[in-house]
Amino acid sequence: MTDRTQRRAVRLTVAQAVVTYLSRQYSVADGHRRRLIPAALGIFGHGNVAGLGQALDQLSDRLPFVQGRNEQALVHIATAYGKATKRHAALAVTASIGPGALNMVTGAGLATVNRLPVLLLPGDTYATRHQGPVLQQLQHPVEADASVNDAFRPVSRFFDRITRPEQLLTALPAAMRALTHVDTGAVVVSLPQDIQSHAYDYPAEFFAERDWPIRRPAPDADEVAAVARMLAEAEKPLIIAGGGVVHSGATEELEALADAAGIPVAETFAGKGAIQRRAWWQLGGIGLEGTPAVNALAREADFVLTVGSRLTDFATASHSVFQNPDVRFASINVNVNDAGRLGATGIVADAKRALAALTDAVRANGTTTRANWRERVRALDEGWQGRRAAALDPDTPFDFTSLPDGSDVVRDTNAALSQGQLIGLLQEHARSGDTIIAAAGGPPGDLLKVWEATEGRFAHLEFGFSCMGYELPAAIGVRFAEPDPSKRVLSLLGDGTFLMAPTELVTAAQERLPVTIVIPENHGYQVMHRLQMLRSGREFGNEFRYRDGGLEIGSGKPARLEGDYLQVDLVRTAAGLGARAIRATTADEVRTALAETRDHDGPVVLVVPVIPHADLPGAGVWWDVAPAEVSEQEAVARLRGEYEEGLASQRWYG
C-alpha cells in the first residue's frame, strides 16, 4: 500500500483548488454524463477578488466566468438554470463579503424552497483575525465568531465555512452530494478572504474526474399496492401534478396513468406543463389561481393523488378546496415529509419510477373511472374553455364598463388591452420549444389559469418563494440551459418587478443572449391592490401615483399617494440598459413586435400598457388572509365577517 507521504501532491491556493475541483465534477443521470458545474457567475469585491478572482482568471478555460450586476439576480440565474436542466447541473456564484454575500441570501432561500441546486461561494471575513475588525465585518457582542454569512444557514441545504485549506478535502465532496441529492437546494461553501489565498499541498487524486449519480429512488411494492387499491375504490379521483413531475422527467409516465385509468390531472405552479398531451383529462391549474372548473372537481373528489408537490396553501386554497367528507389522499414524493401531506398514504420514491409502477398496477387491476365522472370533467372544462377564450381574445375590444373605475382608467393610462388579452397574444405567438417564465405578482397566477403549456410549449413558474426580481435573470438561466435561439425564452413580469431589478439586462446584452422580457404596464403592484380591496376595501400604497402637495415628514399634514399615475419611461430605461426596446399598445402592434424580434440576437423588452384592475375570471376559492379584527373603517368590518364565513370551509385532513 502506498504511503500517504509518497503520494503526488499539487500545491494550490484554496481558491485555485476550488475552481480546479469544480471543473472536474460530472453528473450522471439516465446514462447521460455532463459537467455538474459548467460555469461560475459573480461580482468581485475585496473579499473575493484576490482569491477566487485570481483563480477564475488563471483557470478561465476550465470554468468560464459570467460577470453580473446584482448578487441576488445571479443566484436567480443559477436557480433557473438548475430547473431548466432538470437538476442535472448547477452554476456556481461568488460574491464578496458583507453586503455582497448577504445579497445572495434571498436567492438561496428561493433555491432551497424550490428544491433546486445552486452552489454559492461567498467571501467571508478573515479567519486569522490578525487585522480585525476588517471592512464589512459583523462585530457580534456575544458570539465572537459570528459572520453575516451565518444568515445562509436556515436557507441552505448544506453550509460549511472553510477555515483551513485542507478542509476542502471533505467539504467539496459533501457539497457535490448535496447538489445531486433528490432533496437539493442552495449549497453554501463560505470562504474567508484570507483563506482563499492560502496554499496547501493537495493530493493529486483529489482533482481526478468524478461522477455523481442523480439517483431515482425505487418505489416500495407495498406502498404502490396500497395506493392502487385506494384508486380502484375511488369514484371521483383527481391527480395533482407538482414540480417533481417536471424535475423527474415523468411527463410520459403521468400521461400514461391518466390515460389508462381515465383520471383528470390538475397542475400546481411548479407542475405547469407536466402534462404535454392535449386530452380531456388535461385540465390546468388548481387552487387560488387555478381554474374554476378544476376547483369544482377538487371539491367533489373522493380521492386525490399528488405527485411531486408540497401542496402549499395556494394549491389547497388554505385547506378549503377539498370538501368531499370522504376524501382520501395519496402522494408520490422523494421527500418523506411531503409524501405525508394532508395525512396521505405515501409512495416515497422518484416520480418517474413510482408512476410507472402504479400504472402497471392499474392496468393489471383493470381500474378505470366511471362514465359519469368523466362526463362531469368534460362538461366543467368545456364551460371554462369558453370563458377562457373570451378573456384572452385580443381582437374583441375590452368592455371598460365592467370596471368600477373604467372611465378614469381610460383617461389615465390609454391602455387598450387587458393583461389577459396580452397573454392571449403571447399564446398565439408561442411555438414548440418556447419557454415562458413568471414569478411573483399577477403574471404567474394568470399563466397557471390560462396558459396552454402543451405540445412542447413550456412554462417556468416560480411560486414556491414568490420572489419579485426572479423573472428577468431566470430568462438568462433558461437561455444558458437552452442555447438554441429558435426556441424563444420569454419572461412576463409587471412594471413593479421590472423597476425593482432591471439591471441584469446589461448581463444579457453583454453575453448577447436572445431573451425577451414582456412588461404589462399596469402602474403598480396591482395583484396586491386586488387583495387589498378584498381585505380592506380601499387602495393604499400599491398603485404608482404621485403625492399631491408633497411630503412633509413630521408636520402632521396628511399626504397620500392619490395623484395621477407616475410617468416612467420603461422603454428608454430598457434601451439604456442595452436591450432592443419597443412599446406596443394595440393587438396588431404586439403581434408585429413579437414577430420582428423573434430572431433578435440580444435582449428584447416589449412594454405593453394594460388596463389596471382588469382581472381574469376568478378561481372560486377562499384564501386565508385575515382582515383586521378591529377597525374604525366600516368596510373592514364587513370584509372581516365575510372572511370568518370562509373559515368554515377550512378543514384538517390529517
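**Helix 2**

I began with helix 2 of this predicted model, and looked up which of its residues are exposed: Ala50 and Asp57 are, on the other side of the helix from the buried ones. The buried residues of helix 2, which covers residues 49–58, are Gly51, Leu52, Gly53, Ala55 and Leu56. I noted that these five lie on the same side of helix 2, because they cover an arc of only 170 degrees around the axis. For background I wrote down that an α-helix has 3.6 residues a turn, so residues three or four places apart point the same way.

**The open sheet around strand 12**

Next I turned to an open sheet of 6 strands, whose order is 14-13-12-15-16-17 and whose pairing is parallel. At its edges I found strand 14 (282–285) and strand 17 (345–348), each of which pairs on one side only. Neighbouring strands in this sheet are turned by 20 degrees against each other on average, if direction is ignored.

I then asked myself which strands pair with strand 12, and by how many bridges. Strand 12 (residues 237–241) pairs with strand 13 (residues 265–267) in the parallel sense over 3 bridges, and 5 bridges join strand 12 to strand 15, again with the two running parallel. Following single residues across the sheet, I saw that Ile240 stands opposite Ala266 in strand 13 and opposite Thr306 in strand 15, while Ala241 stands opposite Glu267 in strand 13.

Are the residues of strand 12 buried or exposed? I found that 5 of its 5 residues are buried. Pro237, Ile239 and Ala241 point one way from the strand, whereas Leu238 and Ile240 point the other way, and all of them are buried.

I also looked up what packs on this sheet. Helix 8 (residues 221–233) touches strand 12, strand 15 (303–307), strand 16 (328–333) and strand 17, and its direction makes about 135 degrees with that of strand 17. Helix 11 (residues 292–300) lies across strand 12, strand 13 and strand 14, and runs at about 100 degrees to strand 14.

**His429**

I located His429 in helix 17, which covers residues 419–429. Its relative accessible area is 18%, and because buried means under 20%, I entered His429 as buried. Setting aside its neighbours within four places in sequence, I listed its contacts as Asp434, Arg488, Leu594, Ala595 and Arg598.

**Nonpolar cores**

The largest nonpolar core has 51 residues, and those with the most contacts inside it are Leu120, Phe152, Phe498, Leu505, Ile517 and Val605. Its largest share, 6 residues, comes from helix 3 (residues 71–84). A second, separate core has 37 residues, including Leu426, Leu492, Val590 and Trp623.

I picked Phe152 for a further look: leaving aside its neighbours within four places in sequence, Phe152 is in contact with Ala101, Met104, Val105, Ala108, Leu120, Pro122, Phe159 and Val188.

**The whole chain**

Finally I stepped back to the chain, in which I counted 25 helices and 23 strands. Its radius of gyration is 26 Å, close to the 26 Å that the globule rule gives for 654 residues, so the chain is as compact as a globular protein of that length. The C-alpha trace spans about 80 × 75 × 55 Å along its principal axes. Buried residues make up 56% of the 654 residues, and of the contacts with a separation of 6 or more, 77% are between residues 24 or more positions apart.

Terms used:
Residues numbered from 1 in each chain as written. Predicted model: local features only at pLDDT ≥ 70, side-chain atom pairs only at ≥ 80, totals over all residues. Heavy atoms only, no water. Pairing = 2+ DSSP bridges. Helix = DSSP H or I, 4+ residues; strand = E, 2+ residues; numbered from the N terminus. Axes fitted to C-alpha atoms, helices over the stretch in contact; angles between N-to-C directions. Contact = heavy atoms within 4.5 Å. Buried < 20%, exposed > 50% of the residue type's maximum accessible area, 1.4 Å probe, protein only. Arc of directions from axis to C-beta. Core = buried A, V, L, I, M, F, W, Y, C linked by side-chain atoms within 4.5 Å. Rg over C-alpha atoms; globule rule 2.2 N^0.38 Å.
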